[in-house]
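Hi there,

Here is the structure I promised to pass on. Please have a look at it first, and then read my notes below.

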Amino acid sequence: MTQHSVAIDDETMERLQRTAETEMKSASQLLHDVLKRYAVESGHERVFAMDRIVYGPGGSVADVPEDELMRGFGE
């Protein structure tokens, strides 16, 4: 991880410090989280809805017999 300097006006810095205390995080961690969230919400970082889904049998649809896959289709 690299360190960077950011110029922040006094009012914003006070708000950052209060929020960091409320969230029980360091100001640096809070800034990191905010910038990461901004990147996601602005569309510059792709997020997939299926990310980290870990329930289910874990098998492949290719292993399911075709008649079972087609059951109820077209009815």
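**A salt bridge in the first helix**

The side chains of Glu11 and Arg15 come together in a salt bridge, with 3.1 Å from N to O. Do keep in mind that this is a predicted model. The two partners are four residues apart in helix α1, so about one helical turn separates them. Glu11 counts as exposed because its relative accessible area is 52%, over the 50% cut-off. Arg15, with 44%, is partly exposed.

**More on α1**

Helix α1 covers residues 10-23, which makes 14 residues. At 1.5 Å a residue the helix should span 20 Å, and its end C-alpha atoms are indeed 20 Å apart, so the two values agree. At the N-terminal end of α1, Asp9 acts as the cap: one of its side-chain oxygens lies 3.2 Å from the backbone nitrogen of Glu11. Glu11 therefore turns up twice, in the cap contact and in the salt bridge with Arg15, four residues on in the helix. Just after the helix, Met24 adopts a positive phi of about 55 degrees.

**The second salt bridge**

The structure holds two salt bridges. Besides the pair in α1, Lys25 is bridged to Asp33, and here the closest N and O atoms are 2.5 Å apart. How accessible are Lys25 and Asp33? Lys25 has 35% relative accessibility and so counts as partly exposed. Asp33 is also partly exposed, at 25% relative accessibility.

**The overall picture**

Stepping back, the protein has three helices and zero strands, and from the N terminus on its elements run α-α-α. Of its 75 residues, 5% count as buried. The exposed area comes to about 7600 Å², of which carbon and sulfur atoms supply 54%.

**A nonpolar patch**

Which residues make the nonpolar surface patch? They are Val61, Leu69, Met70 and Phe73, and the patch measures about 440 Å². Phe73 sits in the segment after α3, the helix of residues 66-70. With 64% relative accessibility, Phe73 counts as exposed, because the cut-off for that class is over 50%.

Have fun exploring the model, and do write back with any questions.

Best wishes

Key:
Residues numbered from 1 in each chain as written. Predicted model: local features only at pLDDT ≥ 70, side-chain atom pairs only at ≥ 80, totals over all residues. Heavy atoms only, no water. Patch = residues over 30% accessible without salt bridge, like charges linked within 9 Å, V, L, I, M, F, W, Y side chains within 5 Å. Areas by Shrake-Rupley, 256 points an atom, 1.4 Å probe, with all protein chains shown as cover. Salt bridge = Lys/Arg side-chain N within 4 Å of Asp/Glu carboxyl O. Helix = DSSP H or I, 4+ residues; strand = E, 2+ residues; numbered from the N terminus. Buried < 20%, exposed > 50% of the residue type's maximum accessible area, 1.4 Å probe, protein only. Expected span 1.5 Å × (residues − 1). Polar contact = N/O pair within 3.5 Å; in protein donor to acceptor, adjacent residues only side chain to side chain.
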